[in-house]
Amino acid sequence: MPLPLRSLHAFAGGVHPLGNKNTDVLPSIHLHGFKEVELLMQQHIGPPCTCVVKPGDHVDVGTLVGRADKPMSVPIHSSISGTVKEVHYVVSANGAPVEAVRIESDFNHTINPFCKPPKVESFEDFVQMIRDSGLVGLGGAAFPTYIKINPPKNKMPDTLIVNAAECEPYITADYRQICEHPDDIIDGILEVMKWLEIPKTIIGVEDNKPLVTRIFSHEIKKRIYKTGKHPDIEVRTLKTIYPQGAEKMLIYTLTGRKVPPGKLPIDVHTLVMNVSTLRFIGLYLKEGIPLTRKRMTLDGSALNTPGNFIVPIGARIQDIIEAAGGTREEPKKIIMGGAMMGVALDRIDHGIIKANNAILVFGSEETTLPPESPCIRCARCVNSCPMDLIPCGIDKATRLRDTEMLEKYHVMDCIECGCCTYACPSKRFLTQSIKNGKVMVRAERARIKKEQELLAASQQKGGSSPS
Ligand code: SF4
Ligand code: SF4
């Protein structure tokens, strides 16, 4: 049995925000009794689903609501039983219009009778089963898992990295998942290792979570005792530093492999999966209920009872806050996600999506922002950037709307971790500005592509016309 080791590699940059893991000792609570849910037809990176229900239809928990017709898309299932009331367009939390299905609950929580443990006899079955379950990366990325576990044959992974770092302040949903369901997580790991023929797994845990290291080590020992088999699963302790849990950082810290800019973990033969994603795989194989519920951390000074809650996907944020105990003061800022990478909301009637893992509700104390002041060229933002970027330069290029300069500064490599904003003594809104810079570059690239296509089309027309 390998002992937990301290990692030899460490990425450059990073910051040390206060952990504020206030809810890590609180057992997760199931929240039921939501009157309705609103399921968005786009809950993953990739094309949206096609809605297959209409007003008046009855649905159960696990009934297909959104069909995945295109590659990179995964189905969406009802998270409650009840009646479809409306299929309409809403504005999502990121400001994009998206089709949504509103379902009114019958409060029976009836599970669809077709939800049965899947039969998996081959790698192809495994990939299809993962797609049918509607699974996406539950660490927040929402990348369809069936794509991740089905790489080209020349890029098959030799190492599975299990992300148990949970380095974002406040969030403890993965921590509770590990404390409460380590057996399902190990089942998920073994299934992925088996079907992808991955010889080795490394579980990365930050050194501020010694209990997690002990739980996993104990669970692995139990398996060895029970089965007589010795899976090559190693639990490794990582330095506590933000953003240790970012994919590229984790891969470098645990294996010494660097994922080149614009490339994916699979290009260096690693597969990174979050503990909650693996737990879902372990559970789905036993129960066959698609992804319909989500464990979330609710925290922040304006809440009455912070904690971890398991809620139906599509439940509205305002209803979740209310069901979890409500607020003790008028919230000044509500953030979807963590304090470093989360998005501040302007409305709270959105239904939560598969990727959401936290809602932070802050009162006035934490949300008073000092005004921006001029850059003093101290380079703290540069030193804190884990991606070796020059945030102050990107910020300047964004403010000048200089897309050429933004490309030169590799703006698209930014992982939006927020370290530069955190480190800046002038309190400049660097990450926000960099996000705007990325939007500008995307728009410029699209414009150039369209221009090239038009030019090529007109040349083709000209070439084929009689002279
Ligand atoms: S937000 Fe982007 S630029 Fe800023 S530190 Fe993170 S990766 Fe670097
Ligand atoms: S940390 Fe802030 S003040 Fe310092 S160089 Fe970067 S942007 Fe300028």
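Which residues are buried in α6? In this predicted model, the buried residues of α6 are Glu247, Lys248, Met249, Leu250, Ile251, Tyr252, Thr253 and Leu254. The helix, which spans residues 247-255, is thus mostly covered, with eight of its nine residues buried. The packing partners of these buried residues are strands, namely β10 (159-163), β11 (200-206), β12 (233-238) and β13 (270-274). Both flanks of the helix carry backbone features that can be described individually. In the loop that connects β12 with α6 lies proline 243, and the peptide bond that leads into this proline from tyrosine 242 is cis, with an omega near 5 degrees. On the other side, α6 is followed by glycine 256, whose phi is positive and lies near 80 degrees.

A helix pair was examined next. Two packed helices are described by the angle between their axes together with the distance between those axes. For helix α4 (residues 182-196) and helix α5 (residues 210-227), the axes come within 10 Å and cross at roughly 65 degrees, and the crossing is right-handed. On the α4 side the contact is made by Pro182, Asp183 and Ile186, which meet Ile215, Phe216, Glu219, Ile220 and Arg223 of α5. By class, the residues of this contact comprise five nonpolar and three charged residues, with no polar ones.

At the level of the whole chain, the assignment distinguishes domain 1, made of the segments 1-30 and 113-368, from domain 2, which covers 380-449. The centres of the two domains, taken over C-alpha atoms, are separated by 27 Å. Domain 1 contributes 13 residues to the contact and domain 2 contributes 14 residues. The side of domain 1 that touches domain 2 has 11 nonpolar and two polar residues, and no charged residues.

Two ligands are present, and the residues around each were analysed. Ligand 1 is surrounded by 15 residues, of which Cys385, Cys414, Cys417, Cys419 and Cys420 are the closest. Helices α13 (419-423) and α14 (430-464) each supply at least two residues of this shell, and the largest share, three residues, comes from α14. In terms of class, the shell around ligand 1 divides into 11 nonpolar residues, three polar residues and one charged residue. Around ligand 2 there are 14 residues, and those that come nearest are Cys375, Cys378, Cys381, Cys392 and Cys424. The shell around ligand 2 has 10 nonpolar residues, one polar residue and three charged residues.

Cys392, one of the residues that come nearest to ligand 2, also belongs to the buried set of α11, which consists of Pro391, Cys392, Ile394, Asp395, Ala397 and Thr398. Just after α11, arginine 401 adopts a positive phi of about 55 degrees. Ahead of this helix, in the loop between α10 (380-384) and α11 (391-399), aspartate 388 is found; its phi is near 60 degrees, a positive value in a residue other than glycine. Aspartate 388 counts as exposed because it has 12 C-beta neighbours inside 10 Å. A further positive phi, of about 55 degrees, is found at lysine 427, although this residue is not a glycine. Lysine 427 is located in the loop between α13 and α14, and, with 12 C-beta neighbours inside 10 Å, lysine 427 likewise counts as exposed.

A loop residue of the opposite character is valine 74, which is placed between β6 (64-67) and β7 (76-77). Valine 74 counts as buried because 26 C-beta neighbours lie inside 10 Å. When its neighbours within four places in sequence are left aside, valine 74 is in contact with His44, Ala68, Arg131, Gly134, Leu135, Val136, Pro144 and Tyr146. In addition, the C-alpha atom of valine 74 is separated by 8.8 Å from that of threonine 145, although the two residues are 71 residues apart along the chain.

Notes:
Residues are numbered from 1 along each chain as its sequence is written. Chains are lettered from A and ligands numbered from 1 in the order in which they are written. This is a predicted model: local features need pLDDT of at least 70, side-chain atom pairs count only at pLDDT 80 or more; totals for chains, interfaces and linings use all residues. A residue is near a molecule or strand if its C-beta atom, placed from the backbone, lies within 6 Å of it. Helices (H or I, at least four residues) and strands (E, at least two) are DSSP runs, numbered from the N terminus. Ala, Val, Leu, Ile, Met, Phe, Trp, Tyr, Cys and Pro count as nonpolar, Asp, Glu, Lys and Arg as charged, and the others, Gly among them, as polar. Axes are lines fitted to C-alpha atoms, for helices over the stretch in contact, and angles run from 0 to 180 degrees between N-to-C directions. A crossing is left-handed if the near helix is turned anticlockwise from the far one by less than a right angle, and right-handed if clockwise. Two residues are in contact if their C-beta atoms, placed from the backbone, lie within 7 Å. Domain bounds come from an automatic or database domain assignment. A residue is buried if 20 or more other C-beta atoms lie within 10 Å of its own, exposed if 12 or fewer, and partly exposed in between; C-beta atoms are placed from the backbone.
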